[in-house]
Amino acid sequence: MTDKPRLWITRLLSDATIERANRDYDTVVNYDDTPGSADDLIAASAEFDAIIPCHSEHFSAEVAAQLDPRLKIIANHSVGVDHCDLPALNARGITITNTPDVLSDATAEIAMLLMLGAARHAVAGDRIVRTGAWDNWSPSFMVGKQMTGARLGIVGMGRVGQAFAAKARGFDMDIHYYNRSRLAAELEQGATYHDTIESLLGVADFLSLHCPATPETTDLMNDARFGMLPDGAIVVNTARGALIDESALMKALDSGKVAAVGLDCFKVEPGGNPAFAKYENIFMLPHVGSATKKTRDAMGFRALDNLDAFFSGKIPGDML
Ligand code: DGY
């Protein structure tokens, strides 16, 4: 027996995170690394004072209503919290935190990889070389779209959007953004603010999505909005699959309105959309935006910092 708070870690977090959690809490780790079901979450709430979940564990209103009062804090190992019904959890008196900041650079790196890969035919190019089908070269072969100096539209100029803008400045991109509110000049760093998403889309030869998934942003990119992009636009999504109407995206690719797409997230995860497989102009990754060693350690430590604050009677820095 120990008087340390009991902590359940739902997935296989980094070694350094687990080591620190074991030191400071009476910790149980789900080494099977399978997503926690609704029943698992409800059962765990009667045994643990705290849970560190990932975005794979869904705390719906239905789950929230059945949680045992023993559970005091959900310290998410993610910046996105669309897997948590915040009002329902708050109504149960549960503290909820996330891990902002620490994954911004890793996610912005993946957005850059996807943008370059989509713009320069990475999927088709890799396939042709890998399969031995590369038997010719021509100046008209695999001609892509150049990022350097091009207009970039960023939807959501929070921490990740700003980190992406910083990297895009290295490509001399002409940065435009839409955000609920305009940034201060020192954060804007010369980027052009658009007060409507429609205005932004009209100039977005390259478009990158960095806003959270909420009821308001579900299917943000639909038929009408894809239609507002300049012809041959490149679109990247490293935020959440909910932001894109995937049927509308395929229509936009079929018509050539959108030349190529880079996606790290999908409506259905894990798995993605099987209908995307035939499109070599969709460069896809399996939701790995924050998957670097440095960032995984930082996310785990940030979640533990929030727990430490909570259990020492302070307000966690990332309380939502
Ligand atoms: C996040 O932090 O929201 C990433 O998508 C990983 O969960």
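A residue is counted as buried when its relative accessible area is under 20%. In this predicted model, Asp 318 has a relative accessible area of 10% and is therefore buried. The side chain of Asp 318 takes part in a salt bridge with Arg 302, in which the closest N and O atoms are 2.7 Å apart. This pair links distant parts of the chain, since Arg 302 belongs to helix H12 (residues 293–311) and Asp 318 to the segment after H12, with their positions 16 residues apart in sequence. Both residues also belong to a network of salt bridges, in which Asp 101 and Arg 159 are linked with Arg 302 and Asp 318.

In general, side chains of opposite charge can pair when their charged atoms come close. The count of salt bridges in the model comes to 21. One of them joins the side chains of Asp 26 and Arg 6, with an N to O distance of 3.3 Å. Asp 26 is located in strand E2 (residues 26–29) and Arg 6 in strand E1 (residues 6–9), so this salt bridge ties together parts that are 20 residues apart in sequence. Asp 26 is partly exposed, its relative accessible area being 23%, and Arg 6 is likewise partly exposed, with a value of 22%.

A further salt bridge is formed by the side chains of Arg 151 and Asp 205, at 2.9 Å from N to O. Because Arg 151 lies in strand E6 and Asp 205 in the loop between H9 and E9, the pair ties together parts that are 54 residues apart in sequence. The loop that holds Asp 205 runs between helix H9 (197–201) and strand E9 (206–209). Arg 151 counts as partly exposed at 32% relative accessibility, whereas Asp 205, at 16%, counts as buried. The two side chains are also joined by a polar contact of 2.9 Å.

The ligand is surrounded by His 55, Ser 78, Val 79, Gly 80, Leu 103, Arg 240, His 287, Ser 290 and Met 299. By residue class, this shell divides into three nonpolar, five polar and one charged. A polar side-chain atom of His 55 is found 2.7 Å from an oxygen atom of the ligand, and a polar side-chain atom of His 287 also lies 2.7 Å from a ligand oxygen atom. From the backbone, a polar atom of Gly 80 is 2.9 Å from an oxygen atom of the ligand. The ligand taken alone exposes 230 Å², of which the protein buries 89%.

On the surface, a nonpolar patch is formed by Val 129, Trp 134, Trp 137 and Phe 141, which together have about 480 Å² of accessible area. Within this patch, Phe 141 is placed in the loop between helix H6 (122–130) and strand E6 (151–155). Phe 141 counts as partly exposed, at 31% relative accessibility. Residues enter such patches only with over 30% relative accessible area.

A contrasting environment is found in strand E5 (residues 95–97), where Thr 97 is placed. Thr 97 has a relative accessible area of 0% and is therefore buried. In sequence, Thr 97 and Leu 320 are 223 residues apart, yet their C-alpha atoms are 5.5 Å apart in space.

Conventions
Residues are numbered from 1 along each chain as its sequence is written. This is a predicted model: local features need pLDDT of at least 70, side-chain atom pairs count only at pLDDT 80 or more; totals for chains, interfaces and linings use all residues. Side-chain values use heavy atoms; hydrogens and water are left out. Patches are made of residues with over 30% relative accessible area and no salt bridge: like charges are joined within 9 Å, nonpolar side chains (Val, Leu, Ile, Met, Phe, Trp, Tyr) within 5 Å. Accessible areas come from the Shrake-Rupley method with a 1.4 Å probe; for residues, only the protein chains shown count as cover. A salt bridge is a side-chain nitrogen of Lys or Arg within 4 Å of a carboxyl oxygen of Asp or Glu. Helices (H or I, at least four residues) and strands (E, at least two) are DSSP runs, numbered from the N terminus. Buried means under 20% relative accessible area, exposed over 50%, partly exposed in between (1.4 Å probe, protein chains only). A residue is near a molecule or strand if one of its heavy atoms lies within 4 Å of it. A polar contact is a pair of N or O atoms within 3.5 Å; within protein, one must be able to donate a hydrogen and the other to accept it, and residues adjacent in sequence count only if both atoms are side-chain atoms. Ala, Val, Leu, Ile, Met, Phe, Trp, Tyr, Cys and Pro count as nonpolar, Asp, Glu, Lys and Arg as charged, and the others, Gly among them, as polar.
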